[in-house]
Amino acid sequence: MAKVIVEAKGMPRSSQRSPVKYQRMILRDSEGTKVQATIFESDIGKFSDVLTLYKTYYISNAVVKTILPQHRIAKNDYQWHINSKTVVEEVTEEYSSISVPTYNFVSFSEFSKYINSDAYVDIIGVVIHAYPPREIPTVNGPQRIQELILVDQELIPKILTMWDQFIENECAAIVKNIKTKPIIAAYRIRIVSFNDGSMSTKGLSTFVINPDIPEATKLRSWCIDNKGELEQLTLKKSYVGSSSSAIKAPPSHEIIEQTTFWLQAKISIPHFNQKYWYMACNKCYRRTNIDYKQTFDCVHCAEKQATAMPRCLLEVQLSDKTDALIATLFGENAEKFICCSAETLMQNSTEVFHISNLFYLFISKIIGIISLL
């Protein structure tokens, strides 16, 4: 039997490769050890009224299994499967000795440190606007997104892009309460370079709406004290079109069938604060958390002896006399432009949350050489 607190809990969702429904959560004991727990299919409903966020429980008879790195949301090689045979008993307050979790939320002004890195970050903010869902083309085919506008205590509006199942679950709940300016805590999200640093969900992201934590209480008090500024920000919609350097997407009825065009444009690098490479499967080039040159079973292309290799990734700006747009170069095209291989970039950078100063110097020298060509 284990005594644990529910530290994080996601909404039920379906697997990408099958219709199987599951719900993930993170449990923590009194020593700080965390474990990922998953409930499947009909068992989700059986536990809907228990395993509440920030409450403590005795849990026994859960199935313990190993977990692949790409599915891991807690630093633990093992996970629990909670099913109908699992016994869950709530601990009364007088016997609950496990403290409520504390979080290291990243402020919006610090996003530049994490742009296009492999780091997951936790944020907390106030939702002041929600755009309607829309479909966009991606390398994996059409996908649905919904964009939310969040602000923090620095009154900096930032975009949070919710993908696919997050729209039907978390977004629907947020939009339902949009008039109350709900506070959301988002865990394990990525910071991308769009609009000078915006947020994007990943498969392992989780959200809590109006969480009962000190940070949310403080932010709610700030909202009350700055009600006028928030209302003005919402009315003026100053966050709309905040990226003047990017061409705006046309209405959906004006988008023609996806095809290929040649462009004659000037290519430049809009900012140095990029990762420039990512670890990928050598067969399908999809991102992986496996270490360099290690073999693994790729869940994307089903290759049994895939090798983890660095692949170049470079965000550039294409501009002509009319306008500018942001584009992404991959693989050999990116290496040709920057005159550097992905392995060299990897060897001169760090996997820590942001790029080192030495790597900035290394990149600056490369860009300087390119500008002289």
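The legends below describe four close-up views of a predicted model. Residues are numbered from 1 along each chain as its sequence is written, and side-chain values use heavy atoms, leaving out hydrogens and water. Because this is a predicted model, local features need pLDDT of at least 70 and side-chain atom pairs count only at pLDDT 80 or more, while totals for chains, interfaces and linings use all residues.

**View 1. Asn226 sits in the loop between helix H3 (214–225) and helix H4 (227–236).** Helices here are DSSP runs of H or I with at least four residues, and strands are runs of E with at least two, numbered from the N terminus. Is Asn226 buried or exposed? Asn226 is buried, at a relative accessible area of 17%; buried means under 20%, exposed over 50%, and partly exposed in between, using a 1.4 Å probe and protein chains only. Follow the side chain of Asn226 and you arrive at the backbone oxygen of Trp222, 2.8 Å away.

**View 2. Ile159 belongs to strand E12 (residues 158–163).** With a relative accessible area of 11%, Ile159 is buried. Which residues does Ile159 touch, leaving aside those up to four places away in sequence? They are Glu147, Leu148, Ile149, Phe194, Asn195, Ser198 and Met199, where contact means heavy atoms within 4.5 Å. Look for Val127 too: its C-alpha atom is 9.8 Å from that of Ile159, and the two residues are 32 apart along the chain.

**View 3. Cys339 and Cys340 can be viewed together, and the disulfide count is 0.** A disulfide is a pair of cysteine sulfur atoms within 2.5 Å. Why does Cys339 form no such bond? The closest cysteine sulfur, in Cys340, is 8.6 Å from the sulfur of Cys339, so it is too far for a bond. For Cys340, the closest cysteine sulfur is in Cys312, and 7.4 Å is again too far. Cys339 is exposed at 51% relative accessibility, whereas Cys340 is buried at 9%.

**View 4. The largest cavity holds about 60 Å³ of space.** A cavity is a set of points on a 1 Å grid over the protein atoms alone where a 1.4 Å probe fits but cannot get out, and lining residues have an atom within 4 Å of a point. The structure has 2 cavities of 30 Å³ or more. Residues lining the largest one include Gly10, Tyr22, Arg24 and Thr206. Strand E3 (residues 21–28) gives the largest share of this lining, with 3 residues.

Key:
Polar contact = N/O pair within 3.5 Å; in protein donor to acceptor, adjacent residues only side chain to side chain. 1 Å grid on protein atoms, 1.4 Å probe; cavity = no way out; pocket = protein on both sides within 12 Å on 5 of 7 lines; lining within 4 Å. Points joined across faces, edges and corners; volume = space filled by probe spheres on them.
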